[in-house]
Amino acid sequence: MLMYAIVYVERIYRDEPFRLSMPEGLKTTIQPGCQVLLNLARHKASAYTGYVWSLEKAGEGDIEGEVLDLLNSGVPVLTPVMLKLALWIADYYAALPIDCLSTTLPAPLRSTVDDVVELAGFQLESPELRVKSTGLRRSILKALATEKRLTVRQLRKRLGRRELYSAIAELERAGLVNVRKSFVETKPRTVTTWKLAKTLPDEPEKLIARSPKKREAFELLASRPEQLFRAGEGGISRTVFSGLVTLGLAEKIETAAPSGESLRFDEPQKEIHSLSPHQQQALDALTKALYEQQFRTFLLHGVTGSGKTLVYIELLRRVLAEGKTAIVLVPEISLTPQTAARFRHYFGDDIQIMHSAMSDREKYDAWQRLRQGKARIALGARSTIFAPLENVGAIIVDEEHDAAYKQDRTPRYHARDTAVMRAMFENALCVLGSATPSFESYRNALEGKYTLLELPERIDNARMPSIELVWMPGSQRVTPSISGALYDAIRERLKRDEQVILLQNRRGFAGSLLCLDCGHTPQCRHCNIPLVYHASDRSLRCHYCGHIEPFRQTCPACKSENLFYKSSGTERIEEELGELFPEEKILRMDIDTTSTKDAHASMLTAFREKRARILLGTQMVAKGLDFPEVTLVGVLMADIGLNLPDFRAAERIYSLLMQVAGRAGRSSMPGEVLLQLYNRDNELFQHVIRADYRHFFEAEMATRRELAYPPFTRLIKFECSSPSEAVAEKGAVALRKHLRPLVPEAFGTILGPAPAGISKIKGRYRSQLIIKLTGIKLSAALLRQVQYETLSAFRGENLVITVDVDPQHLL
Ligand SMILES: Nc1ncnc2c1ncn2[C@@H]1O[C@H](COP(=O)(O)OP(=O)(O)OP(=O)(O)O)[C@@H](O)[C@H]1O
Ligand SMILES: [Zn+2]
């Protein structure tokens, strides 16, 4: 019987799959979605892995190599839907199919040569009884009998043969050998912890009498002398712990980081007796669609605190009751431990939570649990859309407007749009939820492509918070960054023993230095963006590439000592708050204080238990937090980022401000929001005060239409980068020439070449082109062909071209 496998091959950068022959023995077991080991006629040197796209009985075309073996014990690693989805991504985002296929799989699954094979138990005496003994099987067993365990790579070497997988799988099925993944942890991960010093100086209290923070930290350590505490735990920072060490009150200990899927945040869940009428209506519509078993997309537009999560949970229960599975996407799992805790509470072992802190082994185990149906709901960030579930009934995308859903490396897929496509292939329903939907989704809903469901009110008659603007240049200030109005409002809350959340948006180049004499601002020499001052170790850091320089008191250009810390970061605000409220403990939540795995969760616990009443942080404090006693939200610089050269700037700021405002007044106590700003003329803030999404949407859409920006057009961004500025630019010019004939005047325009907003990153200059398309779509094949043609003229010049379809940032 003639039969060929059509296979996409790893590490071979070609658009088309390969046509391969295969040995008789595999013909009955091979299926689409199988991972295979193969030889290519043109690349004799090594064996490759690949994924079977389809099988053909006959047909035209050359035979380009042969399948040697089936991997993963012959069990397909990709379902038919996943194959289709990966190819859709390749086509829509103009990426290589093989890149898209491998993106859907966890890394450890893709490499099998390090799998460990060992003899099972004591059955060696008569292996022939259990499996037809071939020469190959015998030699495998023989090699193992002397060595006990070998990796597949080692076995290949010993036996001088590559195609061992089928034989090993046979032996495994017969119970003669065990095969397991080996996981090489690059380095043993450790965490820094602190505990009470073994011997304390006399009268330790005296040493810390004047520092409430140290006193509190010391009391915490003393209350549990044997316990190891991490930075952030109990709301105590690394700096405070180190201070105790210096005084001889604490000692520092490095311990191995615990593994296991521990996002340690947990909280008691309140009993909910019934859904609100709006929740019920939304749920009814979703349930009806679920029972109809037809693909449909819903946009759940619910104001902050309207109970969207409960609607998801009730829907998921019904999905499971139907015997189906589900996927829930959240923008960044480690930033939403409260949400994760709620889902875990309802679904226990039925839910598999995926997060970025998982080790390779944990990722692999999670993948297997889902593939084998041991967990029926997958919850996690962007890549969870590729969860290996079958029979999917619903896909939920929470905070669907969030830019974190767009992957910023190849393939540059948008997880929300990919979710809609997967739901379509699965015949499932897709629910996109947000308080401030993306313009793309809202427009789709208004045009009837999606079904709009609204939750216009908060739960339990809680009112939406009142929002006020404080124009800083015209206001009295108590510190450089805190107005009298905000100060009074905070003081009042503390007096009433309520809680406060403060947001310092760090995006938009905050925290850089300015010399007041010569105007110099130190820049990263690799990235051309201002370096940011970090008080904790007095350094200047680049937030793009991580470059660090020591901070010096004098201007590097003119030696003046008159330096100004342009726009304060969170650390600066923390200091100012410390002066204003010396007795008050302040939780600071930003990238520096949450770098250890559980720091974030333990800070939230401290806040929930009211061990602190002020929570200060970056964007992290804006998402999803649900604390009933927060009655005041303050934003220190609400207009930061408004001047970024990006047409979505207003949409982003609007949604950030609405999200953070939504943390206030979520229970019976009314909430108040103060937005400090420096630039009050922008119309955006009038929309923010009214908090009327529809109104904002309509006004902003008028501008988008006028300037022909999405959702009225589709953008494709090309970036040409090179260590040489001239090459980057010449590349873009050449690319433009190739693109011109593909984009007829009537259907689009090409903008650029122009330096990207950040013209140099990690030592490479970037020049970009933006195509605006109206009404037509350019095929992926064409786009890539144009890339190849351009590149071929720049051989050896280190030019890289990337394509970003539907870019989220134009920087
Ligand atoms: N039917 C209900 N009865 C009582 N409490 C409810 C009900 N539904 C939700 N809640 C509670 O209301 C609060 C807000 O709900 P939830 O966090 O789901 O809102 P949300 O719409 O996701 O808000 P956000 O967009 O601000 O994150 C939560 O504390 C939740 O437990
Ligand atoms: Zn840099």
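Trainee: Which helix gives the most to the shell around ligand 1?

Mentor: Since this is a predicted model, we read the shell from predicted positions, and the general idea is to ask which elements supply its residues. Here helix 11, residues 308-321, gives the most to the shell around ligand 1, with three residues. Among the 19 residues around the ligand, those that come nearest are Thr304, Gly307, Lys308, Thr309 and Ile459.

Trainee: How many of the residues in the shell around ligand 1 are nonpolar, polar and charged?

Mentor: Sorting a shell by residue class is a way to describe its chemical make-up, and for ligand 1 the division is five nonpolar, ten polar and four charged.

Trainee: Before going further into details, how should I read the overall dimensions; what radius of gyration does the protein have?

Mentor: The idea is to set the radius against what a compact globule with that number of residues would have. With 811 residues, such a globule would have a radius of gyration near 28 Å, and the protein has 29 Å, which agrees. The C-alpha trace spans about 85 × 75 × 65 Å along its principal axes, and 43% of the 811 residues count as buried. The secondary structure comes to 23 helices and 35 strands, and of the contacts with a separation of 6 or more, 75% are between residues 24 or more positions apart.

Trainee: Let us take a sheet, then: in what order do strands 24, 25 and 26 stand?

Mentor: To read a sheet, one notes the order of its strands, their sense of pairing and which of them stand at the edges. This one is an open sheet of three strands with antiparallel pairing, in the order 24-25-26. Strand 24 (532-534) and strand 26 (548-550) each have a single partner strand, so one side of each is left without a neighbour in the sheet. From one strand to the next, the twist averages 30°. Between strand 24 and strand 25, residues 539-541, the antiparallel pairing runs over three bridges, and Tyr533 stands opposite Leu540 in strand 25.

Trainee: Which are the edge strands in the sheet with the order 7-6-8?

Mentor: That sheet is also described by order and sense: three strands form an open sheet, 7-6-8, with antiparallel pairing. Strand 7 (149-151) and strand 8 are the edge strands, each pairing on one side only, and the twist averages 20° from one strand to the next. Strand 6 pairs with strand 7 over three bridges in the antiparallel sense, with Val117 opposite Leu150 in strand 7. Helix 5, residues 152-159, packs on this sheet and touches strand 6 and strand 7, its direction making about 95° with that of strand 7.

Trainee: Is helix 6 mostly covered or mostly uncovered, and how many of its residues are buried?

Mentor: For a helix, one counts the buried residues and then looks for the elements they pack against. Helix 6, residues 165-173, is mostly covered, seven of its nine residues being buried; among them are Tyr165, Ile168 and Leu171. The buried residues pack against strand 3 (35-40), strand 5 (65-70), strand 6 (116-119), helix 4 (135-147) and strand 8 (177-180). Just after helix 6, Gly175 takes a positive phi of about 80°.

Trainee: How do I read the two faces of a strand; which residues of strand 29 point one way and which the other way?

Mentor: One follows the direction in which each residue points along the strand. In strand 29, residues 614-617, Ile614 and Leu616 point one way, Leu615 and Gly617 point the other way, and all are buried. Strand 22 (residues 499-503) runs parallel to strand 29 and is joined to it by four bridges, with Leu503 opposite Gly617. Strand 28 (residues 586-589) also pairs with strand 29 in the parallel sense over four bridges, and there Ile586 stands opposite Ile614.

Trainee: Finally, is Glu251 buried or exposed, or does it fall in between?

Mentor: A residue is placed by counting the C-beta atoms around its own, where 20 or more within 10 Å would make it buried and 12 or fewer exposed. Glu251 has 15 other C-beta atoms within 10 Å and is therefore partly exposed. Glu251 is found in strand 11, residues 250-256, and, not counting residues up to four places away in sequence, touches Trp194, Lys195, Ala197 and Val245.

Technical notes
Residues are numbered from 1 along each chain as its sequence is written. Chains are lettered from A and ligands numbered from 1 in the order in which they are written. This is a predicted model: local features need pLDDT of at least 70, side-chain atom pairs count only at pLDDT 80 or more; totals for chains, interfaces and linings use all residues. Two strands pair if DSSP finds at least two bridges between them. Axes are lines fitted to C-alpha atoms, for helices over the stretch in contact, and angles run from 0 to 180 degrees between N-to-C directions. Two residues are in contact if their C-beta atoms, placed from the backbone, lie within 7 Å. A residue is near a molecule or strand if its C-beta atom, placed from the backbone, lies within 6 Å of it. Ala, Val, Leu, Ile, Met, Phe, Trp, Tyr, Cys and Pro count as nonpolar, Asp, Glu, Lys and Arg as charged, and the others, Gly among them, as polar. The radius of gyration is taken over C-alpha atoms; the globule rule is 2.2 Å times the number of residues to the power 0.38.
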